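Please look at the structure below before reading on. The points that follow deal with how parts of one chain are packed.

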Amino acid sequence: PQLHATGFVSMYTNMIKTLNGQIWEYIEKRDSKEQRKLLEWQLQAREPIYEFSDMKVGDHLIKKKSVCGMVLYYHHFLCIGSEGDGRPTIIHYSNTATNALRQFRKTFGFGSGSALGQLGIVQEVTLPHKDFIESESELQKKGAEVERVVWPDELRRYPIEEVIKRARKRKDEKYYQLAKNNCESFVMWCLCDLNISLQSTPLVLSLTEIGGGGLRTFFQMWQQVPKVVTECIEKGLGRTAFGNAIGKEGMEGISGLGSIFGAALTAIIEIGIAAHTIYEAKQKWNEGTLISSREEFIKEVIDAIVLALSRSGASIGGMIIGQCFLPIPFVGSFVGLLIGTLVGHIFGKGISCLFSCDFRLLMDVVLGGHYDARYVLNGYGGAHINPAVTLGFASVQRFPLWKVPIYILSQMLGGIISAAFVYAIYHDAIEEYDDGTRQVLGPKGTAGIFATYPHEFVSNMTGFWDQFFSTAMLVALIFACVDKKNGNKPSPGLAPLIIGFIVFLIGMTFGYNCGYAINPARDLGPRIFTAMAGWGGEVFTAHDHWAWIPPIACSLGGIAGAYLYIFTVEIHREPESMDSNGDTNNERIAMEDNQN
């Protein structure tokens, strides 16, 4: 009987291991949303803990955190051992008051903001403990009950010894993040290798990002003290450090030196934060715990860079715009700065999330975005490096019709040549990624680096209107930037930067469906190159002959955008008076500023 029992146990164990492997193979193939649903369904069972001796080695335990009878969240921890007197040893992401103060204080140093949210540390303690559960009587204290999460046998991915080894591997870790790497995700990683928190709902994620942005905005305010001091001195003297007169408010009250201090300090600090974040990501990758692949590391790097660019750009822009539109000394620049920083943080996180959801879009922006960067370099005279812009200006008699074919041919050739340069520079990377297969679509598809290809769920009709509206918006905004009647138009030196930023915003807004061509030359030119470079004729037939839509929709959108601006804005402006030289009031002011 004993042999039969032993054989039965061995057979049952092997059967569970086989079933376990099949289940986790299935789970790993699901996306994170499906994984969450499956685990939420399977891990509903709970068992109360009345005494310390009820905690067994390998147990997944939770402790309620309640306020006024309402459970706010569950704190998760693992039992990894037991002392001789029955006292359990646990490991968890702890957040004591002392540790929180120590971590919070770091945000006032050079890496200001780099430790935001990192208020926990993985600690191993023996219960009872003064910082967690001080006595057995607290185990079933109302609103703070301790329970065991019951894991079905078929979901137990690792033996208990392996779970303990994994937990201790991360001891003293300080990478805590409220929504992404918290106490629950730590325990889940130890038990099943999924860094997932079932409590981190989309609402929690959103609130966390808004809170992080708000806290970052608070620190940004203190970083602008040198700017404010400089402005106070200059306004007290009535002149800037460069010798120009300075007003008390509005555009006339903008301090050149103060703005340089504010912008430089913001940029330096954001660079420091990005560098710290990238360094930390590299450490995680080396440790092989939270980052296990090159692609995950690249996404972390992109996240840090996008956040730094978004926050610094929006905060500097908000600082200047706020001072212009809120005519109260110092208050306008501060309000604009704070709003700009918060919006930049949220906007940057949104872009980063978009990149994380679609790596092809990331490649399109990083590698293919060089075509649109020409807006920044050649934004004068209507930004004529885009056939849609050329057609828009020509359709309202702002550009000679006989030049249109010459310009469009040059723009197309520019798109082909730029694609050739990108292909030459990134040939090795493309070769490594697709193994030389040169697929247009699919898991190894790389043609999307050069031209646009919509998602499978996007119909050609939806794609047509997507391209039409986005290009119309682009051209209408370009008209606003070069409209001589527009008293708020940017200066000739600033216009290319503004237009480049407009392209960036349109890409982030309309890029997900189709990749935001908004420029027939940027799409058709590189598409022709890829047909010659090994991808073949499929670049024109893919997705039900999608290739014809960007050139036509963008061209029509450019014409529509021109008329949209003229009939809704331009014709309603009063013409400015001109002097004997034919210069308008705004032009005379600009010339006087340049002379000063």
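**Helices and a sheet in a predicted model**

Helices α18 and α19 are roughly perpendicular to each other, since an angle from 65 to 115 degrees counts as such. The model is predicted. It also holds a second helix pair, α16 and α20, described below, and an open sheet of six strands.

**Helices α18 and α19**

- Two packed helices are described by the angle between their axes and the distance between the axes.
- For α18 (residues 520-535) and α19 (residues 538-545), the angle is about 115 degrees and the axes are 9 Å apart.
- On the α18 side, the contact is made by L524, R527, I528, T530, A531 and W535.
- On the α19 side, these residues meet E538, V539 and F540.
- Sorted by type, the residues of this contact of α18 with α19 are six nonpolar, one polar and two charged.

**Helices α16 and α20**

- Helix α16 covers residues 460-482 and helix α20 covers residues 549-568; their axes are 6 Å apart and meet at an angle of about 40 degrees.
- The two helices α16 and α20 are therefore oblique to each other.
- The crossing of α16 and α20 is right-handed.
- From α16, the contact includes N460, G463, F464, Q467 and F468.
- From α20, the residues in the contact include I549, I552, A553, C554 and Y565.
- The contact of α16 with α20 has 16 nonpolar residues, seven polar and no charged.

**Residue Y565**

- Is Y565, a residue with 6% relative accessibility, buried or exposed?
- Y565 counts as buried, because its relative accessibility of 6% is under the cut-off of 20%.
- Y565 is part of helix α20.
- The C-alpha atoms of Y565 and I478 are separated by 9.5 Å, although the two residues are 87 apart along the chain.

**The sheet**

- What is the order of the strands in the open sheet?
- The order of the six strands is β1-β6-β2-β3-β4-β5, and the pairing is antiparallel.
- Strands β1 and β5 (121-126) are the edge strands, and each of them pairs on one side only.
- From one strand to the next, the twist averages 35 degrees.
- Strand β3 (residues 70-82) is paired with strand β4 (residues 88-94) in the antiparallel sense, over four bridges.
- Within this part of the sheet, C79 stands opposite I90 in β4.

**Helices on the sheet**

- Helix α4 (residues 160-169) packs on the sheet and touches β3, β4 and β5.
- The direction of α4 makes about 110 degrees with that of β3.
- Helix α5 (residues 183-192) lies across β2, β3, β4 and β5, and runs at about 40 degrees to β3.

**Strand β6**

- Strand β1 (residues 46-48) pairs with β6 in the antiparallel sense over three bridges.
- R46 has V149 as its bridge partner in β6.
- Strand β2 (residues 60-67) and β6 run antiparallel and are joined by four bridges.
- For K63, the bridge partner in β6 is V146.
- In a regular strand the side chains alternate between the two faces of the sheet.
- In strand β6 (residues 146-149), V146 and R148 are on one side, while E147 and V149 are on the other.
- These four residues of β6 are all buried, and both faces of the strand are covered.

Key: Residues numbered from 1 in each chain as written. Predicted model: local features only at pLDDT ≥ 70, side-chain atom pairs only at ≥ 80, totals over all residues. Heavy atoms only, no water. Axes fitted to C-alpha atoms, helices over the stretch in contact; angles between N-to-C directions. Parallel < 35°, antiparallel > 145°, perpendicular 65-115°, else oblique. Contact = heavy atoms within 4.5 Å. Nonpolar A, V, L, I, M, F, W, Y, C, P; charged D, E, K, R; others polar. Left-handed = near helix turned anticlockwise from the far one by under 90°. Buried < 20%, exposed > 50% of the residue type's maximum accessible area, 1.4 Å probe, protein only. Pairing = 2+ DSSP bridges.
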